[in-house]
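Hi,

Here is the model I promised to pass on. Have a look at it first, and my notes follow below.

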Amino acid sequence: MKLWKRLSLQGRILVLAITVVLVVLAVLTPVLFKVLGEGARSHAEYQAVTLARILAKEEVVRDALLGVRPSAVLEEHIESMKDTAKVKIVNVFDMEGKRLYRPEDAPVGKRAIDSEEKKKAWRGEMHVATFEGSGGRTLRAYVPVYDGERQIGVALVGILREDLTESLAATYRALCWALLAGLSFGVLAAWGMARHVKKIMWGMEPETIARQLAQRNAILASVRAGVMSVDEQGKITLVNDEAMRILSLSGDAQEWYGKRIEASLPGAGLLEVMELGQSMADTQMQLGGKNVLASRTPLLLEGRLIGALLTFYDKGEVERLAEELTGVHSYIEALRARAHEFMNRLHVIWGMVQLQRYDALEEYVRFVVESNQRELEDVGVKIMDPLVSGFLLGKMSQARERKVSFFLHPDSELRVLTEVMARQWIALLDALLMEVFALPEREAMGDVVLALWADEGYVAAELDFSARNVERSDGLLRLTVLAETRGATLQRRRPSEGRERITITMPLQEWRDENDSCDDCGR
């Protein structure tokens, strides 16, 4: 068993095929030899009986038995028959058992009937028997000879055992060569089949394929993306659990195998991908009534098209993930700016202490405390949503770091939003402010003023800043697209020369109870 496990797949197939061939040959060979032996004996018996019947009906034989013709004519006829039929024993007997033809050195007229079994032919019965004589063992057929209704003698045809054995030996030799050829062909066919199977399996062993298949199934079950594949005819060959969940497909994944993709999921576009032979990545599309972000690619095996693969994500989930990542990035950037600003202030304080400028130190600390307190009071009182207020404080630190005068409009007011809407709002504000902070056309002394407010049914933000040629900014164009994906509208106006005003309006979903705990808002 250990040796069998150590064999490769090709070796196992070869050994198994050779074993099957040998077992078949071992079982069939004795049967074939027995059948051939019985067939040879039956054929010899049939040949002897047929020749004896032909001889018994010959006119020359009846004339010889009736004494009409001389025995020389009969002998000539029998010699001719022996040469033609390739038999050595042919004779004719009268009713007294005397030979009419001299076989070998036996005299004509000598009686040759001794056995009781042989006497059956003299009683009008055809008889076949084995006879041991001076020439060896023979198979003999006795057929009565009639003249009308009266029996006048017996015709005899015999086949020597050695002739039968020689014929049978030739048949056995041919059979042995045929069996050897069959064994050789079976071995070669097994070897060829083993090589073909190994090629199909890319040289991998069954254990390796089983492990990889188990790994593939585990990967497909754990991956957070819908995966579907079709063959070259457009029939579904693979659907993972995530695809079933995203598309809200009913039943088991196995039930979808073999169905045509365009009939089951119209608009999948996999047939188009196979026709073009080109991949389509990150395409927004409708699939099964769901908005998804999909990638499609043709599947090739050794340059031959064997199908296509579709991977997709729920668009809403992707957008939520993007918003979370944007929010996390904003928090990190705000903390970095705060930490940087704090370190700068500590350096200033440390320098004043070293220079013993205590009056200036007192004035600087008072300025820092008052400005921070004023900033906290303005933002904390006017912007009650903790996520948005924390975001704005971080942006104020970033603005000071970039030497931008960024202020919150004194008339701003915003209640506590739902967490989902707050994240969407922060993503839009972050994209807007970072683009404005980075504008090279910004005037050095210009102020950036942000106003936030909510009216019945919507939340709005308005950013007023100094800039020239803002229409050339690719970032603001991207911001327009980002606002549209979130159901918001973006308007741009120019209230005066050199000033730009951008207003973002988003439909209000609902307010959150301000007394609710917001311990998880930062997650």
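**What turned up**

L16 has a relative accessibility of 51%, so it counts as exposed (the cut-offs are over 50% for exposed, under 20% for buried and partly exposed in between, with a 1.4 Å probe and protein chains only). Before going on, the basics: this is a predicted model, in which local features need pLDDT of at least 70 and side-chain atom pairs count only at pLDDT 80 or more, while totals for chains, interfaces and linings use all residues. Residues are numbered from 1 along each chain as its sequence is written, and side-chain values use heavy atoms, leaving out hydrogens and water.

Back to L16, which sits in helix α2 (residues 9-56); helices here are DSSP runs of H or I with at least four residues, strands are E runs of at least two, and both are numbered from the N terminus. L16 belongs to a nonpolar surface patch with V20, V23, V24, V27, L28 and L32, together offering about 580 Å² of accessible area. Patch members have over 30% relative accessible area and no salt bridge, with nonpolar side chains (Val, Leu, Ile, Met, Phe, Trp, Tyr) joined within 5 Å and like charges within 9 Å. The areas are Shrake-Rupley values with a 1.4 Å probe, and for residues only the protein chains shown count as cover.

Next, G182 in helix α5 (residues 161-200). Its C-alpha is 9.0 Å from that of L25, although 157 residues separate the two in sequence. With 34% relative accessible area, G182 is partly exposed.

On to charges. How many salt bridges are there? The count is eight, taking a side-chain nitrogen of Lys or Arg within 4 Å of a carboxyl oxygen of Asp or Glu. One of them joins D147 and R150, N to O at 3.7 Å; D147 is partly exposed at 32%, and R150 is partly exposed at 48%.

E462 is worth a look too. It bridges to R493, with the closest N and O atoms 3.2 Å apart. That pair ties together distant parts of the chain, strand β12 (residues 458-466) for E462 and strand β13 (residues 489-493) for R493, 31 residues apart. E462 also bridges to R501, here at 4.0 Å. This second pair spans 39 residues, from β12 to strand β14 (residues 499-507). Both arginines are partly exposed, R493 at 36% and R501 at 25%. Along with D464, these three residues are linked in a salt-bridge network.

For helix packing, try α12 (residues 386-401) and α13 (residues 419-437): their axes come within 10 Å and cross at roughly 15 degrees. Axes are lines fitted to C-alpha atoms over the stretch in contact, with angles of 0 to 180 degrees between N-to-C directions. The two helices are therefore roughly parallel (under 35 degrees; over 145 is roughly antiparallel, 65 to 115 roughly perpendicular, the rest oblique).

Finally, some backbone details. S248, in the loop between α7 (241-246) and α8 (261-264), has a positive phi near 55 degrees despite not being glycine, and is exposed at 52%. G67, just after α3, also takes a positive phi, about 80 degrees. In α3 itself (residues 59-66), V60, V61, D63, A64 and L65 are the buried residues.

Cheers
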